[in-house]
Amino acid sequence: MLTQTLKETPLADLHGQSGARMVDFAGWNMPVQYRSIIKEHLAVRHAVGLFDVSHMGEFIVKGKNAKSFIQYLIANDLDKLEKENTALYTQFVNPDGGTVDDLIVYRRENDYLLVVNAGNIDKDWQWVSKYAATFSDIELTNESDKFALLALQGPKAAALMKELAGDQAANLPTFHYGYGTIGGIEISFGRTGYTGEDGFEIFADAKQAADLWQKIIKAGQAYGIEPCGLGARDTLRLEACLPLYGHELDDETSPLEAGLSFSVSLDKTDYIGKDKLLAQKKNGLKKKLICLVSEGKALPRQGYAIKSKEDGNAIGVITSGSQGIAVGYPIAMGYVPVEYAKIGQQLYVDIRGNAVPSKVVARPFYKAKK
């Protein structure tokens, strides 16, 4: 029997030395938690947490036709990035309208940086390389192994970042990109994140990842910092109703069905999958992502059936579910036919054979105070 060797980030040894519980995540050996998911979740909601997300992928696109190439690949409109050092959330869409991946595009001073999901690095690289062959005057490189990426998230992230990297970091607007140093280590950073809180995603040379992590943790002690694993990352993004590829998004599900119309342009010039998205907009969606709050203490989980109140028949499925740690009740996202997706709609979730009453609510479950 063959065993798969897990990939590791530059911080894997440090996580192990720090007592993190490591798990297989999309082929990567990653920390799922340090002290506890609850402590880490609440630290991000009330103070600040630090995540190793170096497993994410980074592609760089440069050249005369870099912009037109990316415009053809993504559903959002790159013209929104009128200035250098700005960022955009978007998706790669396939010709059938399904989602190849979701990503962030950073327009930098001389190129574009595309940050893609860890489990999709190889798939995405094949996708962009396939279409790059039809464009001239572009240079495309996969630099995923060269980058370390740390996510500093929480209401105290800006104050800590100011201490670490100066005023220009703390004053950076959301979805913008900047440059600086932390303890002599050169970094770049986006005012972006995946927790529903303010924060930064910090890029550095992979060789300096451990030193950078330790410097941030040391300085963060005064701010109540917690090192955080993927467990808290998942519960945080669920409370904020942020999609996870392989759960809310996949090759069969469009960004419109996932409630991501804000990140889809139906007006810009032709791009892959646009005709299918236009048809969905015109003819109506067949399914829609909903947010559910369940009664009692039983937790809805991925794969559980969503049933109608009228006849108890299965009409959909939970894509992500857990206890809402900050909100205090069981929460879930899932897909149902559009007619069942109205706010206030009463449904049931089949939790281990029990039909648990659940209600469709507006997204997100949790919204950070400004």
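Start with the surface display switched on: the accessible surface of the chain comes to about 16,700 Å², and carbon and sulfur atoms hold 49% of it. Keep in mind as you look around that this is a predicted model.

**The whole chain**

Switch to cartoon and you will find 9 helices and 20 strands. With a radius of gyration of 21 Å, close to the 21 Å that the globule rule gives for 370 residues, the chain is as compact as a globular protein of that length. Turn the C-alpha trace along its principal axes, and the spans are about 65 × 55 × 50 Å. Colour by burial next: 55% of the 370 residues count as buried. If you draw contacts, take those with a separation of 6 or more; 65% of them join residues 24 or more positions apart.

Now show the charged side chains. There are 42 positive and 45 negative ones, and the centres of the two sets lie 6 Å apart.

**Stop one: two cysteines**

Select Cys-241, in the loop between helix 8 (230–239) and helix 9 (274–283). Its phi is near 60°, a positive value in a residue other than glycine. Then add Cys-291 to the selection. How far is the sulfur of Cys-291 from that of Cys-241? The distance is 3.2 Å, too far for a bond, because a disulfide here needs the two sulfur atoms within 2.5 Å. The structure as a whole holds 0 disulfides. Are these cysteines buried or exposed? Cys-241 counts as buried at 4% relative accessibility, and Cys-291 is buried with a value of 4% as well.

**Stop two: Gln-345**

Move on to Gln-345, in the loop between strand 18 (329–336) and strand 19 (346–351). Gln-345 has a relative accessible area of 18%, so it counts as buried, the limit being under 20%. Show its neighbours too: leaving aside residues up to four places away in sequence, Gln-345 touches Glu-310, Glu-339, Tyr-340, Ser-358, Lys-359 and Val-360.

**Stop three: Arg-352**

Follow the chain to Arg-352, placed in the loop between strand 19 and strand 20. Here is a positive phi in a residue other than glycine, near 50°. In contrast to buried Gln-345, Arg-352 counts as exposed, at 62% relative accessibility.

**Last stop: a cis peptide bond**

Finish at Pro-364, in the segment after strand 20 (354–361). Select Arg-363 along with Pro-364 and look at the bond that joins them: this peptide bond is cis, with omega about 0°.

How values were computed
Residues are numbered from 1 along each chain as its sequence is written. This is a predicted model: local features need pLDDT of at least 70, side-chain atom pairs count only at pLDDT 80 or more; totals for chains, interfaces and linings use all residues. Side-chain values use heavy atoms; hydrogens and water are left out. Helices (H or I, at least four residues) and strands (E, at least two) are DSSP runs, numbered from the N terminus. The radius of gyration is taken over C-alpha atoms; the globule rule is 2.2 Å times the number of residues to the power 0.38. Buried means under 20% relative accessible area, exposed over 50%, partly exposed in between (1.4 Å probe, protein chains only). Contact means heavy atoms within 4.5 Å. Accessible areas come from the Shrake-Rupley method with a 1.4 Å probe; for residues, only the protein chains shown count as cover. Lys and Arg count as positive and Asp and Glu as negative; His and the chain ends are not counted. The place of a charge is taken as NZ of Lys, CZ of Arg, CG of Asp or CD of Glu.
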